[in-house]
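Biologist: I'm new to reading protein models and would like a close look at one place where two helices meet. Could you walk me through that contact slowly, and then show me how it sits among other features of the chain?

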Amino acid sequence: MADSSAHGFDGLHLSHWRPQRRDDGVLVLYFDRTDAAVNAFSQDALIELGSALERIALDPPKALVIASGKASGFIAGADLKEFQEYDRRGTVNDAIRRGQDTFQQLAGLPCPSAAAIHGFCMGGGTELALACRYRVASSDASTRIGLPEVQLGIFPGWGGSARLPRLAGAPAAMDMMLTGRALSAQAARVIGLVDAIAEPAVLVDAAAALALKGTTRPLKQRALGWLTNTWPARKLLAPQMRKQVARKAPKAFYPAPYALISTWERSGGKPIQARLDAERRAVVKLAGTPTARNLIRIFFLTERLKALGKGESGITRVHVVGAGVMGGDIAAFAAYKGFTVTLQDREQRFIDGALQRAQALFEKKVKDASQRPQVAARLKSDLDGAGVPEADLVIEAIIENPEAKRDLYQSVEPRMKGDALLATNTSSIPLDALRPHIARPAQFAGLHYFNPVAQMPLVEIIRHAGMAAETERRLAAFCKALGKFPVPVAGTPGFLVNRVLFPYMLEAATAYAEGIPGPAIDRAATRFGMPMGPIELLDTVGLDVAASVGKELAPFLGYRGAGGADDGGGRQARQEGRPGHLQMGERQGHQTRTAGRLRCAGRPGRPPHPAAAQ
């Protein structure tokens, strides 16, 4: 069917692009970056593409199809390591201009063009596809199309923000760019981002056929693309967009969404070159902000964490002991992610409550109602612990009491499979205090989730001296299968997150005990940039959990009298009637979600105060 010769490209050295002419007169240009396993736009790749497009414009084929030469996906976007280097050199403007000019060459070709999208298509890959006349997406479930630049503190700068609103209409386009959300092939088809969907095996053929035949977009989509970008529409929609963004992203800390809205509001009705110029100026300015630099740094850190979860975990069945808020949510989330889960507790009423919360999670997460019974069936009540012998992973999530945990391990471990892993969800207890009576310490580890389980992305994998490296690897792979970031940490009290968070929470509790209103403390924290105030966080975590963590951490960090014990100076830490006495329902503006009281813990040189962490 295809001629492998590259007629028309004689004398042009292409390292990253592979041209192939078909018998039907269509030229397929495969992107296959030579120095990487995944396609990402380096400046070399952009320069080569520009050279190839110049040659194509001189001797145009009947149509051009751009596809990936890698099975892993289409294009992941720009090379962020290069982007960091341009920021250091002060040449971001040149780099963005080169991308815009190259894609504008593609858009201006005298022949029709189509992008054949399979797998991931992010950032610059989506912007290249937008510069084509047509787009065909693979029906494979791995196909995801997105513009996630806002998550890096910038917004699409190679023409994405200039072209997408005209193509899909401003509401859908701006929602996609402001959230960074990736769309499936079907969702992209609905908003008009792609023109057709095809099976992976015939994707290039379908793209070639569409480019040759052409298509007319539905009148409704064309009208929406024009009407929503008019001056009255921009003036009406822009304030609404800012209001929605402000609910989640304060402008002082996340300027990119607001810059995107303002750029579109001012320039969305202008010709393409004016829109590109406005886009470039705004993105260059954002790229130099601390926000963008820090978010790009976070991106690389998360990529490192993802890499820890390589390989298969060997875990398909999970048994969770403890159906409280944490244990029940751990079990429900694992079932949602495809694992077969059994949930055990000492009384059926606790399991029933967890199963009810699980149903609420499934209703929220599983959009297709017909699939919910199948997901729910993966989570089973197991009062007697019958699932222990079949489990590949047993997770203990009972109270923060070392003796209770050790007693549980002695009853559970003898019933476990030989290769099964045992993990504790302890949030503060050193594993050396839990493992003395464990027969197989090499297969024992900490697996500390954060509340709420369905939202928090980190899971700490807590090490101890006797843990096998294979145990850590399997647990990291399990976390990756859950869509979480595994964070290996040492087994010292508080591990990583609580070790960092405890002094902050303790200081907030001290301020409250000294008479500063809780809402004022929370407002100060959120204005500083925290997503939630510390007093509200105490309510969310639960005062009993916070006090137990404080009891474990306070002696280790040099604080006195945690958890209501004598403070070491003869004073009883909890003092009725004083500001440090926190009881359910006392605080205005906050709902204390745990019965009981958070007792005080003395700090060197200060009066007694509540201890809190997590």
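Modeller: Happy to! Let's start with α19 and helix α20, the latter covering residues 518-528: the two pack at an angle of about 145°, and their axes lie 9 Å apart. Keep in mind as we go that this is a predicted model. The crossing in which α19 passes α20 is right-handed.

Now zoom in on the side of each helix that takes part. From α19 come Y504, A508, A511 and Y512, and they meet G518, I521 and A525 of α20. Sorted by class, this contact has 6 nonpolar residues, 1 polar residue and no charged ones. If you look at the spacing of the numbers, a general rule helps: an α-helix has 3.6 residues a turn, so residues three or four places apart point the same way. Try it on Y504 and A508 in α19, or on I521 and A525 in α20, which are among the residues of this contact.

Just before α19 there is something to notice. F495 sits in the loop between β19 (485-489) and α19 (497-513). F495 is not a glycine, yet its phi is positive, at about 55°. With a relative accessible area of 5%, below the 20% cut-off, F495 counts as buried. Another loop to visit is the one between β17 (444-448) and β18 (458-462), where P452 has its place. The peptide bond joining N451 and P452 is cis, with omega at about 0°.

A second helix pair makes a good companion to the one you asked about. Helix α14 (residues 325-336) packs with helix α15 (residues 348-365) at an angle of about 40°, their axes being 9 Å apart. Angles of that kind fall outside the parallel, antiparallel and perpendicular ranges, and α14 and α15 are therefore oblique to each other. Their crossing is right-handed. On the α14 side you will find V325, G328, D329, A332, F333, A335 and Y336, which meet A354, R357, A358, L361, F362 and K365 of α15. In this contact 9 residues are nonpolar, 1 is polar and 3 are charged.

While you are in α15, pick out I351, which lies in this helix. Its relative accessibility is 0%, so I351 counts as buried. Beyond its neighbours within four places in sequence, I351 touches A323, L343, Q344, D345, S381, D382 and L383. Measuring on the screen from I351 to K380, you should find 9.4 Å from C-alpha to C-alpha, although the two are 29 residues apart in sequence.

Our third pair is α6 (residues 170-179) with α10 (residues 231-246), which pack at about 30° with their axes 12 Å apart. Since angles under 35 degrees are the cut-off here, α6 and α10 are therefore roughly parallel to each other. Here too α6 passes α10 in a right-handed crossing. A170, P171, M174 and L178 of α6 make the contact with L237, M241 and V245 of α10. The residues in it are 7 nonpolar, with no polar and no charged ones.

Helix α6 has other partners as well. Its buried residues are A170, A173, M174, M176, M177 and L178. These pack against β9 (144-146), α5 (160-168), β10 (183-184), α7 (185-191), α10 and α11 (255-267). After α6 comes G180, with a positive phi near 75°. In helix α7 you can find V190, which counts as exposed at 57% relative accessibility. The C-alpha atoms of V190 and Q221 are 9.7 Å apart, with their positions 31 residues apart along the chain.

Finally, step back to the whole chain. It has 22 helices and 23 strands, and 53% of its 614 residues are buried. Of the contacts between residues at least 6 apart in sequence, 70% join residues at least 24 apart. The mean pLDDT is 88, and 90% of the residues reach 70 or more. Residues 1-5, however, have pLDDT below 50, and this stretch has 16 contacts beyond near neighbours in sequence. Over residues 561-614 the pLDDT also stays under 50, with 139 contacts beyond four places in sequence. Where pLDDT is low, the predicted coordinates should not be read in detail.

Definitions and conventions:
Residues are numbered from 1 along each chain as its sequence is written. This is a predicted model: local features need pLDDT of at least 70, side-chain atom pairs count only at pLDDT 80 or more; totals for chains, interfaces and linings use all residues. Side-chain values use heavy atoms; hydrogens and water are left out. pLDDT is the predictor's confidence in each residue, from 0 to 100. Contact means heavy atoms within 4.5 Å. Axes are lines fitted to C-alpha atoms, for helices over the stretch in contact, and angles run from 0 to 180 degrees between N-to-C directions. Helices (H or I, at least four residues) and strands (E, at least two) are DSSP runs, numbered from the N terminus. Angles under 35 degrees count as roughly parallel, over 145 as roughly antiparallel, 65 to 115 as roughly perpendicular and the rest as oblique. A crossing is left-handed if the near helix is turned anticlockwise from the far one by less than a right angle, and right-handed if clockwise. Ala, Val, Leu, Ile, Met, Phe, Trp, Tyr, Cys and Pro count as nonpolar, Asp, Glu, Lys and Arg as charged, and the others, Gly among them, as polar. Buried means under 20% relative accessible area, exposed over 50%, partly exposed in between (1.4 Å probe, protein chains only).
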